[in-house]
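Thank you all for making time this morning. I would like to walk through one protein chain with you, slowly, and I ask you to keep the picture in view while I talk.

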Amino acid sequence: MKTALILIDIQNDFVPGGALAVPDGNAVVAVANELMDHVDLVVATQDWHPANHGSFVSMHPEKVVGDVVDLNGVDQVVWPDHCVAGSTGAAFVDELDVHRIGHVITKGTDPAIDSYSGFFDNGHKKETGLQVYLKQHGVKDVVLVGLATDYCVKFTALDARQLGFGVTLVSDGVRGVNLQPGDIEKAIADMRDAGVVVAKAGELKKSHMAGNGHFQHIKPQTIFETGLLYHHYANTAYPLTPGSFREYRINDATLIRKFLLAAA
Ligand SMILES: [Zn+2]
């Protein structure tokens, strides 16, 4: 059972100074770099558009950024022109530790349809190859960082859940656009509803070091309330004992310790 860190669109155009800058977007880079040590493999997605991409405002002279148009039957938000394949704007942010990236998935390459998700286009018609790559490498769990929370991160997370992956969203490793106030909160709520675990990078690192390997996708609060360690993939609940703390891999070491102390 392997865990992959997925770096979503950590590209120059999505950080301050870029064509479609996400506020504070740079902040995700350090979190991405520090989590690379704690996973089996690192995969990155790149928004990679032709110059005539249908999401670009330059293709819709009568529209402004943020308007919604019909792009071949799919609702499409109009964005500033961004991440043109091969351009500086499409390149990974300099500070990102790109040497650790094992595989890159490009998306949004078809001018006729956008692709927020790292797995599929927005019409869910074609796969990008990410699912196949992860499954070929025995990945069961994905940990998500990158840009932007309310678009590419959200749709990648929802598709990953639908495809059966355990998904952790690193809350301090993502930033959002917030085109409308509340968009980021709503995106996080949608992800939680789909079974995405939301955790901070520090919690993930702590549990990784306390356990025997990788992140486990269980709800810490459930453990605390029931005293049962829910094993996500075995779909079984085990009684929580000091031994199981090491035996199973958990994602909130502090909460588990607190429970064990209370139960002692
Ligand atoms: Zn794009």
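Let me begin on the outside of helix 4, where the face turned away from the buried side of that helix carries the exposed residues Ala189 and Asp193. Please keep in mind throughout that what you see is a predicted model.

Which residues of helix 4, then, are buried? In this helix, which covers residues 183–193, they are Ile184, Ala187, Ile188 and Met191. If you look down the axis of helix 4, these buried residues fall within an arc of 95°, and therefore they line one face of the helix. As for what they pack against, the buried residues of helix 4 meet helix 3, which is residues 149–162, together with strand 7 and strand 8. After helix 4 comes Gly195, and its phi is positive, near 95°.

Now let us turn to the sheet. It is an open sheet of six strands, in the order 5-2-1-6-7-8, and the pairing is parallel. At the edges you find strand 5, residues 103–107, and strand 8, residues 197–199, each of which pairs on one side only. On average, and with direction ignored, neighbouring strands of this sheet are turned by 25° against each other. For those of you who are new to this, strands of a sheet pair through backbone hydrogen bonds, either parallel or antiparallel.

We can go through some of these pairs, starting with strand 2, residues 41–47. Six of its seven residues are buried, so strand 2 is largely enclosed by the rest of the structure. Towards strand 1, residues 2–8, it is joined by five bridges, with the two strands running parallel, and here Leu7 stands opposite Ala44 of strand 2. Strand 2 also pairs with strand 5 in the parallel sense, over five bridges, and there Val43 stands opposite His103 of strand 5. Strand 1, helix 1 (residues 27–35) and strand 2 together make a right-handed β-α-β unit.

The loop between strand 1 and helix 1 deserves a pause, and it holds Asp9 as well as Asp24. Phi of Asp9 is near 50°, which is a positive value in a residue other than glycine, and phi of Asp24, near 60°, is likewise positive in a residue other than glycine. Which of the words buried and exposed belongs to Asp9, and which to Asp24? Asp9 has 30 other C-beta atoms within 10 Å, and because 20 or more make a residue buried, Asp9 is buried. Asp24 has 11 C-beta neighbours inside 10 Å, and because 12 or fewer make a residue exposed, Asp24 counts as exposed.

Let me finish with strand 6, residues 139–147, and strand 7, residues 166–175, which pair in the parallel sense over six bridges. Within this pair, the bridge partner of Leu144 is Leu169 in strand 7. Between strand 6 and helix 3 there is a loop that contains Ala148, and a cis peptide bond, with omega of about -10°, joins Leu147 and Ala148. In the loop between helix 3 and strand 7 you will find Gly164, which counts as exposed, with 11 C-beta neighbours inside 10 Å. Although Gly164 and Lys140 are 24 residues apart in sequence, they are 7.9 Å apart in space, C-alpha to C-alpha.

Note on methods. Residues numbered from 1 in each chain as written. Predicted model: local features only at pLDDT ≥ 70, side-chain atom pairs only at ≥ 80, totals over all residues. Pairing = 2+ DSSP bridges. Helix = DSSP H or I, 4+ residues; strand = E, 2+ residues; numbered from the N terminus. Axes fitted to C-alpha atoms, helices over the stretch in contact; angles between N-to-C directions. Arc of directions from axis to C-beta. Contact = placed C-beta atoms within 7 Å. Right-handed = clockwise from strand over helix to strand, strands pointing away.
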